[in-house]
Amino acid sequence: MSEFADIDAEANLAQNLAGPLEKLLTRQWQEPVAISGLRRLTGGAAAQTWFFNASSARGLQALIFRRGHDASQFGGALTKSDEAMVISAAVAAGVAAPEVIAQLCPEDGLGEGFIMRHIEGETLPQKILKDPRYGPAREQMAGQCGDILAAIHAVALSSLGGLKRALAVDQIAFYRQAYDGYRQSLPVFEYAFRWLAEHIPNCAEETLVHGDFRNGNLMVGEDGIRAVLDWELSHIGDPMEDLGWLCVNSWRFGRIDKPVGGFGDRESLYQAYTQASGRQVNNDAVKFWELFGVLKWGVICLYQCDMHLSGRERSLERVAIGRRVSECELDILDLLRGK
């Protein structure tokens, strides 16, 4: 398909979405709503993200439409309705995240998804890490991450009805099964699976785990982190998992000297987290989850590539992500050698 054909297809899709979205919001707000500026945002291989303006008697509101890819979603991801439920519980508990204002139902004809408020800011890691405008924000983001993770881990489990529980043993089994399905024998991955199975840390307390808390899923302004996005891998589990995932080398985007998202140090993260949560950071557990995170990302890279190569969804973005499997192999070896 040519670039022009892609543009035409995107425009036709936007045109088809606008009418149903207007009807949905008109029903939700009980007043006429007109939509403008509907456009798909880049990023996010597992879900579509659309920006648009909604005009009504309430005024002009900037909104985001999150739409699942249905059958093409990775097996470990929540449905969009479950993701909306988790975000709403987190926002109600005081976590910085976009407010969900409407969920889709089958009669909307839009598939699965939800509408949330747009929050102004930057999510592109390279801009966050390099643009001088975000220099003051970078100085405080490791500590902010500690505070925000403490708030996420304090969300009452009673408000997360039905959210799946996934401890280390469950996740190792899940990603092992997924890995076996791609029929690619990678010695480094094989060894990592065995190492993880032999070093599972004790989980002293189960909490809500974001599951994808990292640079790239943080909405950042010049004043620091404004919101946490992309909750589709949320589950109940070991809170140390989020700290380990945040430190995975892939999420440092080349700034390997800054283990926390490429912008901060572990001491600032751990100190803020301990102070805000009253929970001591278990260094061995964080190391375990960091290694698990690299392996998990490697398996997801295999999945993204398989989606393209199998022809289920031809996508330059998916196949480009698949190329990163080799980076994960190197990161696993470095972690096992104590680097």
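The expected span of a helix is 1.5 Å times one less than its number of residues, and that's the yardstick for the first of these views, all taken from a predicted model.

**View 1. Helix H8, end to end and side to side.** Helix H8 covers residues 266-277, so its 12 residues should span 16 Å at 1.5 Å a residue. The C-alpha atoms at its ends are 16 Å apart, which agrees. Now look at which residues are tucked away: Leu269, Tyr270, Ala272 and Tyr273 are buried. They cover an arc of only 165° around the axis, which puts them on the same side of H8. Over on the other side of H8 you'll find Glu267, Gln271 and Gln275, which are exposed. As for partners, the buried residues of H8 pack against helix H4 (135-152), helix H7 (240-246) and helix H9 (283-309). A handy rule for reading a view like this: an α-helix has 3.6 residues a turn, so residues three or four places apart point the same way.

**View 2. Helix H11 and the glycine after it.** Helix H11 runs over residues 325-336. From its first C-alpha to its last, H11 reaches 17 Å, close to the 16 Å expected for 12 residues at 1.5 Å a residue. Buried here are Val325, Cys328, Glu329, Asp331, Ile332 and Leu335. Seen down the axis of H11, these buried residues fall within an arc of 165°, so they line one face of the helix. What do the buried residues of H11 pack against? They pack against H6, H9 and helix H10 (316-322). Following H11 comes Gly338, whose phi is positive, near 80°.

**View 3. Helix H2 under its strands.** With 13 residues, H2 should span 18 Å at 1.5 Å a residue, and its end C-alpha atoms are indeed 18 Å apart. H2 has a good list of buried residues: Lys80, Glu83, Ala84, Val86, Ile87, Ala89 and Ala90. What covers them includes strand E2 (47-56), strand E3 (59-68), strand E4 (100-103), E5 and strand E6 (207-209). Just after H2, keep an eye out for Gly94, which takes a positive phi of about 95°.

**View 4. The cavity.** How many cavities of 30 Å³ or more does the structure hold? The count is 1. About 30 Å³ of space lies in the largest cavity. Its lining is made up of Arg66, Glu83, Ile87, Pro98, Phe114, Met116, Val228, Leu229, Asp230 and Trp231. The elements giving two or more residues to that lining are helix H2 (80-92) and strand E5 (113-117). Sorted by type, the lining residues divide into 7 nonpolar, no polar and 3 charged.

**View 5. Two loop residues with a positive phi.** Most residues other than glycine have a negative phi. Gln30 isn't a glycine, yet its phi is positive, at about 60°. You'll find Gln30 in the loop between helix H1 (3-29) and strand E1 (34-40). Is Gln30 buried or exposed? At 67% relative accessibility, Gln30 counts as exposed. Then there's Arg183, also not a glycine, with a positive phi of about 55°. Arg183 sits in the loop between helix H5 (168-181) and helix H6 (187-198). Arg183 is exposed, with a relative accessible area of 80%.

**View 6. Asn215 and its surroundings.** Asn215 lies in the loop between E6 and strand E7 (218-221). Despite the loop address, Asn215 is buried, with a relative accessible area of 0%. Leaving aside neighbours within four places in sequence, Asn215 is in contact with Pro125, Ile128, Leu129, Leu246, Trp251, Phe253, Gly261 and Phe263. For a sense of scale, try Val228: Asn215 and Val228 are 13 residues apart in sequence and 9.8 Å apart in space, C-alpha to C-alpha.

**View 7. Thr207 in strand E6.** The last stop is Thr207, which lies in strand E6. With a relative accessible area of 1%, Thr207 is buried. Which residues does Thr207 touch, not counting those up to four places away in sequence? They are His153, Leu157, His235, Ile236, Gly237, Pro239 and Arg279. For contrast, take Leu13, 194 residues from Thr207 along the chain: the C-alpha atoms of the two are separated by 39 Å.

Key: Residues numbered from 1 in each chain as written. Predicted model: local features only at pLDDT ≥ 70, side-chain atom pairs only at ≥ 80, totals over all residues. Heavy atoms only, no water. 1 Å grid on protein atoms, 1.4 Å probe; cavity = no way out; pocket = protein on both sides within 12 Å on 5 of 7 lines; lining within 4 Å. Points joined across faces, edges and corners; volume = space filled by probe spheres on them. Helix = DSSP H or I, 4+ residues; strand = E, 2+ residues; numbered from the N terminus. Nonpolar A, V, L, I, M, F, W, Y, C, P; charged D, E, K, R; others polar. Buried < 20%, exposed > 50% of the residue type's maximum accessible area, 1.4 Å probe, protein only. Arc of directions from axis to C-beta. Contact = heavy atoms within 4.5 Å.
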